[in-house]
Amino acid sequence: NHRATCKSLEMEEMVRRLDRRIESLKLKVTRRYDEECSVIPMGGPLPVLGQPTVAYGAAAIMVHPASGYMINRVILQAPEVAIAIATALRETDCPKQAAEAGWEAVWPKHRLIERDLYCFGMEVLLDLDLALLRDFFGAFFANPKEKMWREFLAWNMTKPGEKPYKMSVFMILQFFRGSPRLKGRLIRDAMFKDGLHLLKSIFPSIPFPFD
């Protein structure tokens, strides 16, 4: 049983909700082997970038803001960060510059923009009612063979040095797949939750309503 929420839920409440769901689905539990209590921080403030100590993993807030996963990204990005630090040390023999290079590899500009988009999406989802959530995820997973939503959940849509165009296109596609009520809600949130400003940072040459 899991849920993304702005407020922490007590374990007893989570168990109560799970039991109700099991009952509503008419499932029969014959044995409970174990219970795991965990809290996965999604979003939240970044560490101070550029500080002398380079954080990594959860300490660097590398948890996927939309899915809560991290291990895949941490493993894939580790060589990139290690090479950046080693190269800076070899070329400058300066720990401070090596730390700056490490931070740049952990949080380059394109990943910071991506993270803003993910956090924006999470804020929108947290405000949707059950019917709109079902509508949203129905559109999101509409094509099981589609590669883009897999890359979206893997945080693997943008290459180093690029702006997250592909991610933005995917989010726009989800908008057009949604119901009229969902479209209206997304437009409202884009207007009042900085969504348009995020798109403007990615597509600076396109005129937007607030220009």
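Which helix is the place of arginine 115? Select residues 109-126 and you have the answer: arginine 115 sits in helix α4. Keep in mind on this tour that you are looking at a predicted model.

**Stop 1: arginine 115**

Show the side chain of arginine 115 and look for a partner of opposite charge. Arginine 115 is buried yet has no salt bridge. The nearest side chain of opposite charge belongs to aspartate 116, and it is 4.9 Å away. A salt bridge needs a nitrogen to oxygen distance within 4 Å, so please do not draw a dashed line here. Next, bring up the surroundings of arginine 115. Leaving out residues up to four places away in sequence, arginine 115 touches Gly43, Gly44, Pro45 and Leu46, along with Ile61, Pro65, Trp107 and Trp155.

**Stop 2: arginine 111 and glutamate 80**

Stay on α4 and select arginine 111 together with glutamate 80. These two form a salt bridge, with their closest N and O atoms 3.6 Å apart. The pair links distant parts of the chain, since glutamate 80 belongs to helix α2 and arginine 111 to helix α4, 31 residues apart. Are the two partners buried or exposed? Arginine 111 counts as buried at 11% relative accessibility, whereas glutamate 80, at 30%, counts as partly exposed.

**Stop 3: helix α1**

Now move to residues 11-24, which make up helix α1. Its 14 residues reach 20 Å from the first C-alpha to the last, close to the 20 Å expected at 1.5 Å a residue. Colour Met14, Val15 and Ile22, the buried residues of α1. Turn the view until you look down the axis of α1: the buried residues fall within an arc of 95°, so they line one face of the helix. On the other side of α1 you will find Glu12, Arg20, Glu23 and Ser24, which are exposed. Just beyond the helix, pause at lysine 26, which follows α1 and has a positive phi, near 60°.

**Stop 4: the salt bridges of α1**

How many salt bridges does the structure hold? There are five, and α1 is a good place to look at some of them. Select glutamate 13 and arginine 17, whose side chains meet in a salt bridge of 2.8 Å, N to O. Both lie in α1, four residues apart, which is about one turn of the helix. Glutamate 13 is partly exposed, with a relative accessible area of 22%, and arginine 17 also counts as partly exposed, at 33%.

Next, add arginine 32 and aspartate 19. Their side chains meet in a salt bridge of 2.4 Å, N to O. This pair links distant parts of the chain: arginine 32 is in the loop between α1 and α2, aspartate 19 is in helix α1, and 13 residues separate them. Arginine 32 is partly exposed, with a relative accessible area of 45%, and aspartate 19 is partly exposed as well, at 30%.

**Stop 5: the largest nonpolar core**

Hide the charged pairs and turn to the nonpolar side chains. In soluble globular proteins, nonpolar side chains tend to be buried together. Here the largest nonpolar core has 29 residues, and those with the most contacts inside it are Leu128, Phe152 and Phe170. The elements that give two or more residues to this core are α2, α3, α4, α5, α6, α7 and α8. The largest share, five residues, comes from α4, the helix where the tour began.

Centre the view on phenylalanine 170. Apart from neighbours within four places in sequence, phenylalanine 170 is in contact with Phe140, Glu146, Met148, Trp149, Phe152 and Met157.

**Stop 6: glutamate 151**

Select residues 147-153, helix α6, and pick out glutamate 151. Glutamate 151 counts as buried, at 10% relative accessibility. Beyond the residues up to four places away in sequence, glutamate 151 touches Tyr118, Asn156, Met157 and Lys166. Met157 is a residue you have just met, among the contacts of phenylalanine 170.

**Stop 7: helix α8**

Finish with residues 180-192, helix α8. Its 13 residues reach 19 Å from first C-alpha to last, close to the 18 Å expected at 1.5 Å a residue. Colour its buried residues: Leu182, Arg185, Leu186, Asp189 and Ala190. They cover an arc of only 135° around the axis, which puts them on the same side of α8. Rotate to the face turned away from that buried side, and you will see the exposed residues Pro180 and Phe192.

Definitions and conventions. Residues are numbered from 1 along each chain as its sequence is written. This is a predicted model: local features need pLDDT of at least 70, side-chain atom pairs count only at pLDDT 80 or more; totals for chains, interfaces and linings use all residues. Side-chain values use heavy atoms; hydrogens and water are left out. Buried means under 20% relative accessible area, exposed over 50%, partly exposed in between (1.4 Å probe, protein chains only). Contact means heavy atoms within 4.5 Å. The expected span of a helix is 1.5 Å times one less than its number of residues. The arc is that of the directions from the helix axis to the C-beta atoms. Lys and Arg count as positive and Asp and Glu as negative; His and the chain ends are not counted. A nonpolar core is a set of buried Ala, Val, Leu, Ile, Met, Phe, Trp, Tyr and Cys residues joined through side-chain atoms within 4.5 Å.
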